[in-house]
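Visitor: I have a protein structure to look at, and I would like to learn how to read its features one at a time. Could you take me through it slowly?

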Amino acid sequence: MRRSNLPAELNRFVGRAAEQAALAALLGTSRLVTVVGVGGVGKTRLALRVAAGAQKRYGDGVRLTELAPLRDPDLVAHALAEALGLTDHTPRPPREALVEHLAERRVLLVLDGFEHLVESCAPLVRELLAHAPGLTVLAAGRRPLRVAGEAVFPLAPMGEADAVALLAERAAEAGAPLLPEAPARAGAFAHLGGPGTLTHPGGTDVPADPDGTGALPDLVRTPSEAPSSSRTPAEVPEAVRELCRRLDGIPLALELAAGRLPLLSAEQMLHRLDDRFRLLADGERGVLPRHRALRTAIGWSHELCTPRERLLWARLSVFAGPFDLEAVEYVCGGRELPPERILDLLGGLLAQSLVSREDTPAGPAYRMLGTVAAYGAEWLAALGDTERMRRRHRDWYMGLATWCELEWFSPRQREVAARTDVALPDLRAALELCLELPEDAHLAQHLAGTLWFAWAGCGRLSEGRYWLDRALALDSGHQEARLKALWVLGYVAVLQGDGTAAVAALHECGERAGSSGNALAEAYATHRMGCLALLTDDTARAEELIGRALDSYRELGELNSNVLMGQVEVAMARAFRGDLEGAVALCREVREVCEERGELWTRAYALYVLAYAAWTRDAYGEARELLTECVSINHAFHDLVGLVLAIELLALVTAGEGDPAEAAVLQGAAVPVWDTVGVRLFGSASFGGPGRLCEARAREALGAEAYEEAFREGRGLSPDAAVERALAGRRDPAAGGPAAPRPFRTGRPAGVPGTRKPAGSPTGKGGEAAG
């Protein structure tokens, strides 16, 4: 887990120096600080700025949780766990896992956009603060949490100097300088601090008002242009100052205005604002002036859009998170908005600061601010088109999930993991809609089942269990969808260590599949029952059940990651029973197929078994090479079970190489990862064998005191640091430093025709099971 998941700033932070200092000071004395203010006043930007500056004070990191996209209050704890990188494999409520995870950590947790979920958010924050003395919470929303000990930081709109600075900065960025003699681009000294200082991008503070005259700093000069004189308020055009006053110094309103300055002068904007403000004031009596100012700016921006831009704005409001161009073309396109025009229209909204662009792990994406989206949602409702657009949105993400499931068994597996991560807010929205509509219960079951790879392969077992339980509580009347959800639920429950729930789900799946003649779903149920047997050390039964499932897969022509994983599981059962030759033969074939298909996730588990076999032959160099690749893959997919198993086996290999101290460090490093996973070794003696043997050998070689010291060193490492330590390569104990890691193969990058058939699963369909 990275120490911080804070997003990079996309443009220069302007002003707010006094607020930054005050908020940072408050954060140093209070464990719960809530920045409150009207929409668009800059709460999120200020909170993120201060959180970024405070990172060094929190040894276990700064983590941002964006709650605005959530609608279901029960998902708050899941969202916090996701932000913290917590992959809890137990069936316990996620809030319990959060309490345990944070109990001994020093973390700054940033909660943004919680106001609509305050009834569920406040009790959770209260509980976390009570049980985690090292936790500090910085929240940003339109209302306080009302939790004991909360320090409320009201954020007012910008003062005139900061407002003018922000408007001038954003206008210069848009190519429309506001002030006399300003060049068309923002100057190097455009970052206005507060009333007392101006911060240069290089970090130097210079006086903003050295002679006390109230002169504004030169906002737009380049470094080569020495300012001839300070710009006094009188030199700022009155229309610019009046525009900032009429927009009440609200940053979002100012940025929206700046987006229109390439087309309109400040005077023209003022005239339009006057008309719009009178209309709004007449129509919404009793609304606070600052709310009116923001709605004036947004409504006026709406009026200045073309009809097609307005329609796109309204339709974009159905997205809960970042969206890409393809999604917009499908969801928002139609007769009124031809898909071929979407790019130009989206560019128009982007130019007006109504939509922002960001880089995500899945590539470029766009996002609409919550306040702007809420305005669009009102127009969408007025058009009577909300339900239809939500269904189109759901259909797109159903299609995306189906594509991701198919492509999981391909060279695009990493891309699938990244796209699923970015799309998670919208996948949640799609699931919620399916659950809202009784006639769509089968779609909820299908979608929750289709996302098995996100739940089991990308470390989201707890959330997957939540959606699967909800979907299966409904009577959909669609057998196929229910069967798939049942075997996926069984799989998730097995990995959570919840044998009772797993058996119940898999038994129902097997019975229903048998009576309806669905041989594929029956095979999956049998397979996962075998997986449960493996994790409870009944290796003979595991091999028999999974072998039976593999025979069915062969007859049905099923070949995908699940099938290959079944072969690896049979290999594990054989290895634990002493049949290393049979285990190696199976895993070598799996590795070949994975290399040909570009599959990585299952490949990592095959490498684990091959490394185990190499260790038994004292082939430590070969074992290390295999485990290095295994650790890299599991870390990339956030598969903490595979990761921690590999680290523990690597510790045993390290002990065999003659470095018991480093072996003890790696053993200690595995502990925080297991704490994050939740179920230590599933209670399995077989999977726990390498760890027990490593401890015995390292203790004997080092002595109890030295072993414990090295173990504590490893236990103090973060999961990311543990991975770095594991990948650092074998140390030379005599030299006292790490050696370079061995290179390892990553497999061929693309699929190759003529894939060799793996044992027990010979050919067939690409993609994942329809179940």
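Guide: We will go through the nonpolar cores, the cysteines, a few charged residues and the salt bridges, keeping in mind that this is a predicted model.

Visitor: Which residues of the largest nonpolar core touch the most other members?

Guide: The general idea is that in soluble globular proteins nonpolar side chains tend to be buried together. In this structure the largest nonpolar core has 189 residues, and those touching the most other members are Leu145, Leu312, Leu316, Phe319 and Tyr397. If you select Leu312 and set aside residues up to four places away in sequence, you will find that Leu312 touches Val328, Cys332, Leu337, Ile342, Leu345, Leu346 and Leu349. Apart from the largest core lies another one, made of 51 residues, including Val38, Phe153, Leu243 and Met269.

Visitor: How many disulfides does the structure hold?

Guide: A disulfide is a covalent bond between the sulfur atoms of two cysteines. Here the number is 0. As for where cysteines sit, Cys305 counts as buried because its relative accessibility is 3%, which is under the 20% cut-off, and Cys531 is likewise buried, with a relative accessible area of 4%.

Visitor: What does a charged residue such as Arg315 contact?

Guide: It helps to place the residue first, and then to ask what its side chain meets. Arg315 belongs to helix 11, which covers residues 307–316, and it counts as buried because its relative accessibility is 2%. A polar atom of the Arg315 side chain lies 2.7 Å from the backbone oxygen of Cys332. Leaving aside neighbours within four places in sequence, the residues in contact with Arg315 are Cys332, Gly333, Glu336, Leu337, Leu380, Asp385, Arg388 and Met389.

Visitor: Which side chain of opposite charge is nearest to Asp639, and how far away is it?

Guide: That side chain belongs to Arg528, and it is 11 Å away, so that Asp639, although buried, has no salt bridge. Asp639 is found in the loop between helix 27 (620–636) and helix 28 (640–656). Its side chain does have a polar contact of 2.8 Å with the side chain of Tyr605. With neighbours within four places in sequence left aside, Asp639 is in contact with Gly457, Trp601, Tyr605 and Asn634.

Visitor: How many salt bridges does a search of the whole structure find?

Guide: The search finds 47, and a useful habit is to ask of each pair where its two residues lie. Take Glu463 and Arg428, which form a salt bridge whose closest N and O atoms are 2.7 Å apart. Glu463 lies in helix 19 (residues 461–472) and Arg428 in helix 16 (residues 413–436), so this pair ties together parts that are 35 residues apart in sequence. Glu463 is buried, with a relative accessible area of 3%, and Arg428 counts as buried at 8% relative accessibility.

Visitor: Where do the residues of the pair Asp498 and Arg465 lie?

Guide: Asp498 is in the loop between helix 20 (479–495) and helix 21 (499–516), while Arg465 is in helix 19, and the pair links distant parts of the chain, 33 residues apart. Their side chains meet in a salt bridge of 3.1 Å, N to O. Asp498 counts as buried at 17% relative accessibility, and Arg465 is buried with a relative accessible area of 14%.

Visitor: Which residues are linked in a network of salt bridges?

Guide: Such a network links Glu387, Arg391, Arg394, Asp395, Glu439 and Asp440.

Conventions. Residues numbered from 1 in each chain as written. Predicted model: local features only at pLDDT ≥ 70, side-chain atom pairs only at ≥ 80, totals over all residues. Heavy atoms only, no water. Core = buried A, V, L, I, M, F, W, Y, C linked by side-chain atoms within 4.5 Å. Buried < 20%, exposed > 50% of the residue type's maximum accessible area, 1.4 Å probe, protein only. Contact = heavy atoms within 4.5 Å. Helix = DSSP H or I, 4+ residues; strand = E, 2+ residues; numbered from the N terminus. Lys, Arg positive; Asp, Glu negative; His and termini not counted. Salt bridge = Lys/Arg side-chain N within 4 Å of Asp/Glu carboxyl O. Polar contact = N/O pair within 3.5 Å; in protein donor to acceptor, adjacent residues only side chain to side chain. Disulfide = S-S within 2.5 Å.
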